[in-house]
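Welcome! Here are some exercises with worked solutions, to be done with the structure open beside you. Try each task before you read on.

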Amino acid sequence: MAHATVHVGCTVPQLLRSASRIFPSHSALGVLRHSALCYCTVNGTIKSKRKMDHLERTANNFRQEVITQAKVCGITNESETVKRLRLAVADKDFTFKAGQWVDFFIPGVSIVGGFSICSSPGLLEREGILELAVKHNVHPPAHWIHTKCTLDSEVALRVGGDFFFDPQPGDSPVNLVLIAGGVGINPLFSILLHIADLHAYHEEGKGKGHKILTAKLYYSAKNTTELLFKKNILGLMNAFPGKITCCFHLTQQQSQICKELQPHVREGRISEKDLEKHISDNTLWYICGPPPMTESISKLLSNMGVPRNCVFFEKWWK
């Protein structure tokens, strides 16, 4: 995920009250009580002995109060190491903004996960579906998703995060440059899908006053096998030519690149030369990737004269 923060330090009682409203079962409530207890403990004497967990790391970010139940309705392999989950959400009041993440509560797992949403708000509105793409690692929530999660598994979600794109009617039209590294594509793919929805609504005469000019995605990964959503991204470019474009940057590609991807691939890291052509007064920049990449790109944009209030980023790994 990315730079996050949580409203939990002083609100554990609120967490438990919310849980009691959402979960009728004692077992689910027990999971949340255990999570809250663990949070309080690590804020005391144990904190210095291990890395911060998701709730601590996101303790200063916005998050909604309501915890909502969801059921797994689809599981696919997005890559060799990443699983893509489709979650059915029955609560019609559940909402999120493109780019935000969820606290991910798993019955029987005391540690709360934190995963960026990779689908669009439009998919939730149309089908009641939310998607996550989670890379395998030993962290209990991710490990559960890769080893124990099945169709119809029940979980709970709470939306949070200050990194999002949510244009309002009447806002000045903007260009967007989205810069992703590795699994940092997740929130940016959500934003890209939201932009596609806004373009589609506009073409159908349902634009509601939202005006988007162009969106350019720069996506860096080691090789094509680690490029998540690449077929979806190519589909968006074909559906909205000139409005949505992408350049895939590969740093360690060894094998032949398929013809479909070749026109959009560049060797090496994202550079100043790539970005300088997009500098304008009406451009917003969104960055999500490993901290060293995010810091270097942010510094690069600052040196190029991009105003600080036009640059948004998320860092989750440190």
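**Exercise 1. Decide whether N223 is buried or exposed, and describe its surroundings.**

*Step 1.* In this predicted model, N223 has a relative accessibility of 18%. The cut-off for buried is under 20%, so N223 counts as buried.

*Step 2.* Now place the residue in the chain: N223 sits in the loop between β8 (212-221) and α7.

*Step 3.* Look for a polar partner. The side chain of N223 makes a polar contact with the side chain of T225, at 2.4 Å.

*Step 4.* Leave out residues up to four places away in sequence, and N223 touches L250, Q252 and Q253.

**Exercise 2. Find the residues with a positive phi in two loops, and compare how accessible they are.**

*Step 1.* Begin in the loop between α5 and β6, where you will find D152. D152 is not a glycine, yet its phi is positive, about 80°.

*Step 2.* Go next to the loop between β8 and α7, which holds F229. The phi of F229 is near 65°, again a positive value in a residue other than glycine.

*Step 3.* Check the accessibility of each. D152 has a relative accessible area of 52%; exposed means over 50%, so D152 is exposed. F229 has a relative accessibility of 0% and therefore counts as buried.

**Exercise 3. Work out how α6 and α7 are arranged.**

*Step 1.* Locate the two helices: α6 covers residues 185-203 and α7 covers residues 230-239. Their axes come within 11 Å and cross at roughly 25°.

*Step 2.* Name the arrangement. Angles under 35 degrees count as roughly parallel, so α6 is roughly parallel to α7. The crossing of these two helices is left-handed.

*Step 3.* List the residues that make the contact. From α6 they are F189, L192, L193 and A196, and from α7 they are N232, I233 and L236.

*Step 4.* Sort these residues by type: 6 are nonpolar, 1 is polar and none is charged.

*Step 5.* A general idea helps you read such a list: an α-helix has 3.6 residues a turn, so residues three or four places apart point the same way.

**Exercise 4. Describe the surroundings of V72 in strand β1.**

*Step 1.* Find V72 in β1, which covers residues 68-77. The relative accessible area of V72 is 0%, so V72 is buried.

*Step 2.* List what V72 touches, leaving out residues up to four places away in sequence: R86, L87, C149, T150, L151, D152 and S153. You met D152 in Exercise 2 as an exposed residue.

*Step 3.* Compare sequence and space. V72 and L130 are 58 residues apart in sequence, and their C-alpha atoms are 9.7 Å apart.

**Exercise 5. Say which residues of α5 are buried and what they pack against.**

*Step 1.* In α5 (residues 140-147), the buried residues are P141, A142, W144, I145 and H146.

*Step 2.* These buried residues pack against β2 (82-88), β3 (101-106), β4 (109-116), β5 (129-135) and β6 (154-160).

**Exercise 6. Step back and describe the whole chain.**

*Step 1.* Count the elements: the chain has 9 helices and 12 strands.

*Step 2.* Consider burial: 53% of the 318 residues are buried.

*Step 3.* Finish with the contacts. Among those with a separation of 6 or more, 74% join residues 24 or more positions apart.

Definitions and conventions
Residues are numbered from 1 along each chain as its sequence is written. This is a predicted model: local features need pLDDT of at least 70, side-chain atom pairs count only at pLDDT 80 or more; totals for chains, interfaces and linings use all residues. Side-chain values use heavy atoms; hydrogens and water are left out. Axes are lines fitted to C-alpha atoms, for helices over the stretch in contact, and angles run from 0 to 180 degrees between N-to-C directions. Helices (H or I, at least four residues) and strands (E, at least two) are DSSP runs, numbered from the N terminus. Angles under 35 degrees count as roughly parallel, over 145 as roughly antiparallel, 65 to 115 as roughly perpendicular and the rest as oblique. A crossing is left-handed if the near helix is turned anticlockwise from the far one by less than a right angle, and right-handed if clockwise. Contact means heavy atoms within 4.5 Å. Ala, Val, Leu, Ile, Met, Phe, Trp, Tyr, Cys and Pro count as nonpolar, Asp, Glu, Lys and Arg as charged, and the others, Gly among them, as polar. Buried means under 20% relative accessible area, exposed over 50%, partly exposed in between (1.4 Å probe, protein chains only). A polar contact is a pair of N or O atoms within 3.5 Å; within protein, one must be able to donate a hydrogen and the other to accept it, and residues adjacent in sequence count only if both atoms are side-chain atoms.
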